[in-house]
Amino acid sequence: MAGLFQVLMGQKDGTFKEAAELKGTDNEPLIIPADDKDQIIEKICTRPTAIDWDADGDLDLIVGNFAGTFYLFTGEGKGRFSPKPTQIKTGSDPLRIDGAHSDPFPVDWDRDGDIDLLSGSSNGGVQWAENKAGAGKSPELAPFRELINPGKQVEYGEPLSEGDLTGPTRATRIWVDDVNSDDKLDVLVGDSVTLVAVANGLSKEEFQKKKKQWDADYRKVSEAYQAAQSDADKLPAAQENFQKVYNQRSEFITETMTGFVWLYLQK
């Protein structure tokens, strides 16, 4: 079930026990509640991070989700957590990244003694919510602002090689550490990208011609597929036509889904 958290307990010999669900003090699995199907992406979770968020000496759990917001499961000590999470806010509003798929990384980024929050995003780049509370206090976060701007977005289906990339594209995930041991925090950024090459030795002109025709055909079958969503009789044929046209991409392009890790050294 999407949204559950699991933990691998370490053993003395360096191995781990089987993954076990993290549970609250009510002995039920920790999960972000969603009142209806429109809120389902609130409970589909991304990275969980254990940290003493409220400075009370216990580890808490900060989690992201597909919606781009953040939740706190308050620690009760000895690996136990409050069953119901609290949505992390900035002022009276939910703290939200620009984009979706929040990726919480709590760290004292500005070295002022309190814990800030950094995050990747479906849109790419890295965002920073500064903590205004001060050391030893419960965080008071400012809205997110760009720390590392999203890389240049590439039009879907256009040729793209590794050499064309100048930075992370989209779906970024981050890690913060002093990579080069200069007493400054650096950022590692992973991304997701689809490399695209012209197939079968086609010339640029042949490629553009085939792609133009495919774009028109794809737009047509996509519209038909969307229109058939509420018609059970028409849906199978529309779905088959959609898949047939989509697969024709291989006649003029080859695609490789991959990702890269980029290092940003702090000056």
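Is S181 buried or exposed? At 65% relative accessibility, S181 counts as exposed. I start there because exposed here means over 50% relative accessible area. One caution before going on: this is a predicted model.

Let me stay with S181 for a moment. This residue sits in the loop that runs between β15, residues 170–177, and β16, residues 186–198. Its backbone is worth a look. In general, most residues other than glycine have a negative phi. S181 is not a glycine, yet its phi is positive, about 55°.

The loop holds another case. D183 is also found between β15 and β16. D183 has a positive phi of about 65°, and again the residue is not a glycine. With a relative accessibility of 58%, D183 counts as exposed. If you have the structure open, find that loop and look at S181 and D183.

Next, the largest pocket. About 280 Å³ of space lies in it. Which elements give two or more residues to its lining? They are β1 (6–7), β3 (45–51), β6 (75–77) and β7 (80–81). Of the elements, β3 provides the largest share of the lining, three residues. In total, 17 residues line the pocket, and those that lie nearest its centre are V7, L22, A50, G79 and F81. As for the chemistry of the lining, nine residues are nonpolar, five are polar and three are charged.

Now to the surface. I40, I41 and F66 form a nonpolar patch there. Together these residues have about 230 Å² of accessible area. I41 belongs to helix α1, which covers residues 40–43. I41 counts as partly exposed, because its relative accessibility is 38%.

Last, the salt bridges. As a general point, side chains of opposite charge can pair when their charged atoms come close. How many salt bridges does the structure hold? There are seven, and I will go through some of them.

Take E130 and K132. They form a salt bridge in which the closest N and O atoms are 3.4 Å apart. The partners sit in unlike surroundings: E130 is buried, at 17% relative accessible area, whereas K132 counts as exposed, at 55%.

Then there is a pair inside a helix. D215 forms a salt bridge with K211, with 3.0 Å between the closest N and O atoms. Where do D215 and K211 lie? Both are in helix α2, residues 204–227, and they are four residues apart, about one turn of the helix. D215 is partly exposed, with 26% relative accessible area. K211, with 7%, is buried.

The next pair is E255 and R249. Here the closest N and O atoms of the salt bridge are 2.4 Å apart. E255 counts as partly exposed at 35% relative accessibility, while R249 is buried, with a relative accessible area of 4%. Elsewhere, R47, D103 and R173 are joined into one network by salt bridges that share partners.

To recap the places to look at: the loop with S181 and D183, the largest pocket with β3 giving the largest share of its lining, the nonpolar patch of I40, I41 and F66, and the salt bridges, including the one between D215 and K211.

Methods: Residues numbered from 1 in each chain as written. Predicted model: local features only at pLDDT ≥ 70, side-chain atom pairs only at ≥ 80, totals over all residues. Heavy atoms only, no water. 1 Å grid on protein atoms, 1.4 Å probe; cavity = no way out; pocket = protein on both sides within 12 Å on 5 of 7 lines; lining within 4 Å. Points joined across faces, edges and corners; volume = space filled by probe spheres on them. Nonpolar A, V, L, I, M, F, W, Y, C, P; charged D, E, K, R; others polar. Buried < 20%, exposed > 50% of the residue type's maximum accessible area, 1.4 Å probe, protein only. Patch = residues over 30% accessible without salt bridge, like charges linked within 9 Å, V, L, I, M, F, W, Y side chains within 5 Å. Areas by Shrake-Rupley, 256 points an atom, 1.4 Å probe, with all protein chains shown as cover. Salt bridge = Lys/Arg side-chain N within 4 Å of Asp/Glu carboxyl O.
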